[in-house]
Number of protein chains: 2
Amino acid sequence: MKYIYGTMDHEDLTISKLQDKVYIGTKVTVKGAIHAVRNMGEIAFVILRRWDGLLQTVYEDSSLDVSVNELKEGETVCVRGILREEKRAPGGIEILLTSILVLSKPKETLPLDISKWKLSASLEARLDQRAIALRNIRERSKFKLQEGIVRGFREFLYEQGFTEIHTPKIGAKSAEGGANLFRLEYFHRPAVLQQSPQFYKQMMVGVFDRVFETGPVFRAEKHNTKRHLNEYTSLDLEMGYVENFTDIMEMETGFLQYMVNLLDKDYKKELDLLDIKLPKVDEIPYVTFTNAKELVSEKYHRKIKNPYDLEPEEELLIGQYFKEEDNADFVFVTHYPSKKRPFYAMDDPKDPTFTLSFDLLFHGMEITTGGQRIHDYCELCQKMKARKIEVDGMQKYLDVFRYGMPPHGGLGIGLERLTMQLIGDDNVRETTLFPRDQGRLVP
Amino acid sequence: MKYIYGTMDHEDLTISKLQDKVYIGTKVTVKGAIHAVRNMGEIAFVILRRWDGLLQTVYEDSSLDVSVNELKEGETVCVRGILREEKRAPGGIEILLTSILVLSKPKETLPLDISKWKLSASLEARLDQRAIALRNIRERSKFKLQEGIVRGFREFLYEQGFTEIHTPKIGAKSAEGGANLFRLEYFHRPAVLQQSPQFYKQMMVGVFDRVFETGPVFRAEKHNTKRHLNEYTSLDLEMGYVENFTDIMEMETGFLQYMVNLLDKDYKKELDLLDIKLPKVDEIPYVTFTNAKELVSEKYHRKIKNPYDLEPEEELLIGQYFKEEDNADFVFVTHYPSKKRPFYAMDDPKDPTFTLSFDLLFHGMEITTGGQRIHDYCELCQKMKARKIEVDGMQKYLDVFRYGMPPHGGLGIGLERLTMQLIGDDNVRETTLFPRDQGRLVP
């Protein structure tokens, strides 16, 4: 009988491993894609690209199997050679080539000059050729950082006793968001794509007390702005046995602190490539919705137009205000008006026209909506009735309250927006792997 | 200015923390849901439930604020009392109550006796009341184990240099699987839900060499079996620079080894609750498709009906064969016929009627499909042409090959099926949080 025993050591080394001094002066094997060829006549530099960086190889010996003139960007190769220190090369090392084996060849030359430091192509052009444009090491590093954010979210929440869940994205008609839902036919029945795991995560609080999910959500909004997408990744959590809705803001702050540490520790290379300064998360100021509106109105001489919501420009000014007054990168805005929050939001007992809710602004942009939820069955039914929300299709959601739920609350973070603000990009499509908007369904 | 500083210590303790001897004999505070009340007259046992287990509290003092007769299952409470050792209680501890504060009350008594060791309700009834049925601690522990599987997948792959990606679930018409696609209207354009992240993960191999995704996939198949779902969670990976398609099987074996260790280390409580014996993963036998067919045909005297595919019964017998002959829980079946594999599968150069592909069977059920893919642009185009697959809508996918791709391969694991086989359940709905099948769109 023949067996598979698990991962085996291979002869070829990663670029990260080559940084280890023990290999200096020895013959090593490396695989990679040819990122750039710089032919200087006598010698040529062949730059290889792997997920963990770039590697300079030096072509000096004209007796090699493959002529340097045959080597093309986009080919993948397996090379052997002597590793040596070279301060001017990426990572301080280079390989003097002794053999080259071509693993695969492209059909055509690349349509973008991916080996440049900054791609000169427009956002549209880069998105059209997304999988090629991301071969540029600065472009791709945005998504490595995005990995770090999600990883931090999960690791932190595991530590905090949360359970990860996977809830369905196809559902029956939902009570939330009517016009914003994508509709489909599900075996001759009408169905929708979930715009949030809200109801499911609340239902699961009755089971696991604390739950989270990282997954896609779908919004058929006809927005065409720099900060809206029709499909995005939501980092959702919901936690039971809260004492105060501030518990939820504390949990988010804890996550941000964990995330910043993780990025600093494990994603330094990407932070440096993009020249990112990590935000200040040791303490995050909070301010009520009403107070925030007044503060920016006063300081920036701006009339309050809509008393029930924050306009994007107002969010920007709130961000600016707290940066100027307090050097803060983040600010929690609390107590949003009840009429602008969903039916399940818990009203503030001190003034039920406001809710025990919050948004988190990061450099003046909303990246999170959260708050405490109603946990009492009768209170929930009353609020639904007052808002004329149909109970039809909501019975299973209401059942968990009927049979008892702890006080709870939660939040949802837009992953692509958080990434955008962290990087300082000005369009959420920059930090979305394959964006979906009204015009974009491919790639 | 007021600030949030991150997570704070709260007075109430988790059940896990109470296991620490230092609290024995002290006054402690705990929150939880009343899981069961056993009133013995003189004293009563009030069992609390939290995510980390059950806790026995003892009601002896009739002078407490709340009468024991008022306490009902499904209420959530905050209790105080003296912690003491009690061998007969869950976890070997109990609390002698000195105060009870009711946090929330249910409207009605529970429709299922969740405090029983085994829920007696049928699968249908349990799925109808899923969020209630899962308050049974054995039922819910299946999903804690499922968390462990996903966690193991990600942790192992991070270690192996993989990058996590998030690919869109709404897309334009796909070349794969015509009839199996859910269709929707996307801003007046026809769109589909992705049945797999296959094309995207291949495209990202050109960027990050090794990528993975854990997310929902959608299949409009009209199957109604114990092992099919119309939406499920797929654990997908794709890796570049493979030397042989066995590299991919080695990676999967490495994941299973990591997962089994993680479950053994961090999910012992759940394994014990469900009485699960972890499978053997130190070495996994592999056998060709053709050979496997012959072996079971011979041993179990079964005629080979379909030479191009494995019937479910045949998979079961292959599982039985390797269990009997080799005490194996898993077996890789390799070299599936080319005509039964997708166009992007790499044919075996030794015999192009077969592919460099595999399925992994776990106790006789397919839980993974994988293999090496074609990386050469011209070869891919030729195979598409031979199969009369339209290039329309596939250009962006083909572009990554046009501009160069390393030799690569990957796999997809059905999370719910893997969980089902690990637990030994006989229906994949048992291990799906909120299943979607032809009849089930709620909850």
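Pro443(A) lies in the segment that comes after helix H12 (415–423) of chain A. The peptide bond leading into Pro443(A) from Val442(A) is cis, with omega near -10°. Keep in mind that what you're looking at is a predicted model. Over in chain B, Pro443(B) also sits in the segment after H12, and the bond from Val442(B) to Pro443(B) is cis with omega near -10°. Most peptide bonds are trans, which is a handy reason to look at these spots.

## Chain A as a whole

Let's step back to get a feel for chain A. Its C-alpha trace spans about 85 × 65 × 40 Å along the principal axes. Within that span you'll find twelve helices and 19 strands. Chain A has 443 residues, and 63% of them count as buried.

How do the contacts in chain A spread along the sequence? Take the contacts with a separation of 6 or more: residues 24 or more positions apart account for 66% of them.

The exposed area of chain A comes to about 17,600 Å², and carbon and sulfur atoms supply 49% of that. As for charge, chain A carries 62 positive and 69 negative side chains. The centres of those two sets lie 4 Å apart.

## A serine in strand S12

For a single residue to zoom in on, try Ser234(A), which has its place in strand S12 (residues 231–240) of chain A. Is Ser234(A) buried or exposed? Its relative accessibility is 5%, so Ser234(A) counts as buried.

Which residues does Ser234(A) touch, once its neighbours within four places in sequence are left aside? The contacts are Glu213(A), Thr214(A), Gly215(A), Val217(A), Gly412(A) and Ile413(A). For a sense of distance, pick out Asn69(A): it is 165 residues from Ser234(A) in sequence, and their C-alpha atoms are 48 Å apart in space.

## Helix H5, in both chains

Now for helix H5, residues 198–208. In chain A, H5 is mostly covered, with eleven of its eleven residues buried. Among the buried residues of H5(A) are Phe199(A), Tyr200(A), Lys201(A), Met203(A) and Phe208(A).

Why can H5 of chain B be called largely enclosed by the rest of the structure? Eleven of the eleven residues of H5(B) are buried, so that description follows. The buried set in H5(B) includes Gln198(B), Gln202(B), Met204(B), Val205(B), Gly206(B) and Val207(B).

## Helix H12 of chain B

Helix H12 (residues 415–423) of chain B is another mostly covered one: nine of its nine residues are buried. Leu415(B), Glu416(B), Arg417(B) and Ile423(B) are among those buried residues.

What does the covering? The elements of chain B over the buried residues of H12(B) include two helices, H4 (137–159) and H6 (246–266). Strands S12 (231–240), S17 (357–362), S18 (365–373) and S19 (408–414) of chain B are also among the covering elements.

## Two helices that meet

Elsewhere in chain B, helix H10 (residues 377–386) and helix H11 (residues 395–402) have axes that come within 8 Å and cross at roughly 145°. From H10(B), the residues taking part are Tyr377(B), Leu380(B), Cys381(B) and Met384(B). They meet Tyr397(B), Leu398(B), Phe401(B) and Arg402(B) of H11(B). Sorted by class, this contact has seven nonpolar residues, no polar ones and one charged.

## Positive phi angles

Most residues other than glycine have a negative phi. Here are some residues where phi is positive.

| Residue | Where | Phi |
|---|---|---|
| Asp209(A) | following H5(A) | near 70° |
| Asp209(B) | following H5(B) | near 65° |
| Gly424(B) | just after H12(B) | about 85° |
| Phe187(B) | not a glycine | about 45° |
| His335(B) | not a glycine | about 60° |

Two of these deserve a closer look. Phe187(B) lies in the loop between strand S9 (183–186) and strand S10 (189–193) of chain B. With 15% relative accessibility, Phe187(B) counts as buried, since the cut-off is under 20%.

Where is His335(B) found? Look in the loop between strand S14 (330–334) and strand S15 (347–348) of chain B. His335(B) has a relative accessibility of 18%, so it counts as buried.

Conventions:
Residues are numbered from 1 along each chain as its sequence is written. Chains are lettered from A and ligands numbered from 1 in the order in which they are written. This is a predicted model: local features need pLDDT of at least 70, side-chain atom pairs count only at pLDDT 80 or more; totals for chains, interfaces and linings use all residues. Side-chain values use heavy atoms; hydrogens and water are left out. Helices (H or I, at least four residues) and strands (E, at least two) are DSSP runs, numbered from the N terminus. Buried means under 20% relative accessible area, exposed over 50%, partly exposed in between (1.4 Å probe, protein chains only). Contact means heavy atoms within 4.5 Å. Accessible areas come from the Shrake-Rupley method with a 1.4 Å probe; for residues, only the protein chains shown count as cover. Lys and Arg count as positive and Asp and Glu as negative; His and the chain ends are not counted. The place of a charge is taken as NZ of Lys, CZ of Arg, CG of Asp or CD of Glu. Axes are lines fitted to C-alpha atoms, for helices over the stretch in contact, and angles run from 0 to 180 degrees between N-to-C directions. Ala, Val, Leu, Ile, Met, Phe, Trp, Tyr, Cys and Pro count as nonpolar, Asp, Glu, Lys and Arg as charged, and the others, Gly among them, as polar.
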